[in-house]
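Reader: I would like to learn how strands and helices fit together. Can we go through some questions on one example?

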Amino acid sequence: MGAAVDTVRIKVLGPVAAFRDTTEIPLGPSRQRAVLGYLALHPGQPVPVGALTEAVWGDDAPASGDQLVRTYVARLRQVLEPDTAPRARTNVIASVPGGYRLDVPPDRVDASHFQQLLGRARGRQAAGAPHEAFELLGAALGLWQDPTLADLGGLLASPRHLTALRAHWVDAGLRHVAVGLRLGQASVVLPVAEQLAAVEPLQEAVQARYLEALTRSGQRAAAVHHYLTVRARLRAELGVEPGPELRRMYAALLHAGDEPGPGVEPPSRAGADEPDRRPGWRGPGPAIGPLIGREDDVARCATLLVAHRAVTIVGPAGCGKSATGLAVAERVAAAFPDGVATVDAAEARDCGEVLRLLAETLELPGPNVDPLRAVADQRMLLVLNDVEHLGARAGEMVEHALHRCPRTAMLVTSRRRLGLAHEAVFRLAPLPLPGIDAPDALPDNPAVRLFVHRAGLVRPGFRLSPADAVTVARICRGLDGLPLAVELAAACLYTDSLDGVLRRVDDPLDELRPQRRGHPQHHRSLRAALHRSLAALAPVDRACLARLAGGDRCFSRDEAAARCAGLTPPAQLGAVLDRLVDESLLDARPGSGGPRYRLLRTVALAAATVPESGTGEHQAFHGMVGNQP
């Protein structure tokens, strides 16, 4: 075999491709690539021409299918061995009686190399060598560019050819996550667990491992949300409830301190397949990891909640209202002997659904039990997250609950205040922006600390070097110090460089889109996060906001009037600005010459795309923004 042939490598665990050293070899049309891909699934084995024909065309093979396969093989031999005499081009694809055989060494075909590594890992795991098994499993999974095998699956006529290979990837992934969790490497295996959960959404063992990885990585609230999503999908698509393994994991993560240790089953309880019924925390809880940069906010809001029965945390999209609210609830939980119940109302269609979610959180029997009646005499804290999309009805619901439950306190998170007579409002601002001119202070800035912490989850070992500190600071400044935006940017380090993430900040609405499962839809991109605030505005407010976004982001009322001329009478502009401030889309600062207003950069970018008028344009805006992931 010639030296050039010795360097040929073939990949099918992603786009089907062949390489000579680092140079990609052009493989020709799709059916020609399909022939090589199918041979690569059986390296060193004779493959009959008829099997190749069936793999490429299935039942629709033309009469000349076998001859076409021979033609494709001849062309593949030409590009794989261009310097070999035509009749001697059999070093990569050899001829056997009735067919062909791929003669590339197994470690030069990624699929067979994967199988080798997986077999060795299984052996080391069985021999009680978890560290060696973990390294081998990581190397095996690293060969996969696309666990769905979309390219090869599209080339071959039937997915059954890939079933066994996909099953082996799932086995390798589950082993990697399980061993990693036992070794205390939760953050390392979290991306693999997330990928498994996305590819196998209805496989309960996969989903249970993902919940465990989320919990051990400090994302307890995301784990609870993901469990509820999986349960809804199982009910909708299969008509079944979660099995014992998923329910045990959910029961463990619901209660602080009950999470099982590595490789340990949750403690046995009466009805161990279900969460226990003792008073305590029920519903989505705070993250186990640190809530960076919000220590003072949590302390001040907790003090407010102890003194008032109704507190609303308000602030712009992505500023961390839900996370802060859950941390506040955890801080004051001891003051409520009958426990804390939390409801994520982000996707509730109306207040009735919020109450149904509350009844489900409280595990009340029967579909029509009134949850307010059930807690009427209890000293509880009810936390309602993300209710802004319910409008004035949210305030009416909270006021009704306060009257029905006189010993219960309510903590609400929303982008607007509820407008209740006895409501205490806690306004949450973005994290302080880092100063570029003080590089020595950058590591202590909360936004920079948050970025570094989140970066370490997707790129273990990430450290903030002096050379990178200014780049991270520019990223945080370009994102207004919004925790959601900073987290999205840090997650992009899984596939991009730090400089690449900084370039994405130029267009954060469309470029900051890392895979982010286990979170509500409106927390998966900045555009989705801003959707509710913008789409819910009255047409005149939306048009004025678009005009205001077209100039300097800091302006006076007179400057606002000049920009919005023709959209609203001058006498009514003040009311428009007040509504935008109430929606947390504008920040107002009092001054001797009247209030000064400020638009966040992210809000200005989103608002600049909003049409000023016209029903058709308004509907197009809803479609453009509302369908974002």
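Reader: Which residue of β11 is the bridge partner of L384?

Author: This is a predicted model. Strands of a sheet pair through backbone hydrogen bonds, either parallel or antiparallel. Here β10 (residues 381-385) and β11 pair in the parallel sense, over 4 bridges. Within β11, the partner of L384 is V412.

Reader: What is the handedness of the β-α-β crossover from β10 to β11?

Author: The chain leaves β10 and passes through helix α17 (residues 392-404). It then reaches β11, and the crossover is right-handed.

Reader: Which residue of β11 is the bridge partner of V314?

Author: Strand β8 (residues 310-314) also pairs with β11 in the parallel sense, over 5 bridges. The β11 partner of V314 is S414.

Reader: Are the residues of β11 buried or exposed?

Author: In a regular strand the side chains alternate between the two faces of the sheet. In β11, A409, L411 and T413 point one way, and M410, V412 and S414 point the other way. Buried means under 20% relative accessible area. Of the 6 residues in β11 (residues 409-414), 6 are buried.

Reader: Which strands are the edge strands of the open sheet β1-β2-β3?

Author: This sheet has 3 strands with antiparallel pairing. An edge strand pairs on one side only. The edge strands are β1 (8-11) and β3 (23-25).

Reader: At about what angle does helix α4 run to β2?

Author: Helix α4 (residues 65-80) lies across β1, β2 and β3. Its angle to β2 is about 30 degrees.

Key. Residues numbered from 1 in each chain as written. Predicted model: local features only at pLDDT ≥ 70, side-chain atom pairs only at ≥ 80, totals over all residues. Heavy atoms only, no water. Buried < 20%, exposed > 50% of the residue type's maximum accessible area, 1.4 Å probe, protein only. Helix = DSSP H or I, 4+ residues; strand = E, 2+ residues; numbered from the N terminus. Pairing = 2+ DSSP bridges. Right-handed = clockwise from strand over helix to strand, strands pointing away. Contact = heavy atoms within 4.5 Å. Axes fitted to C-alpha atoms, helices over the stretch in contact; angles between N-to-C directions.
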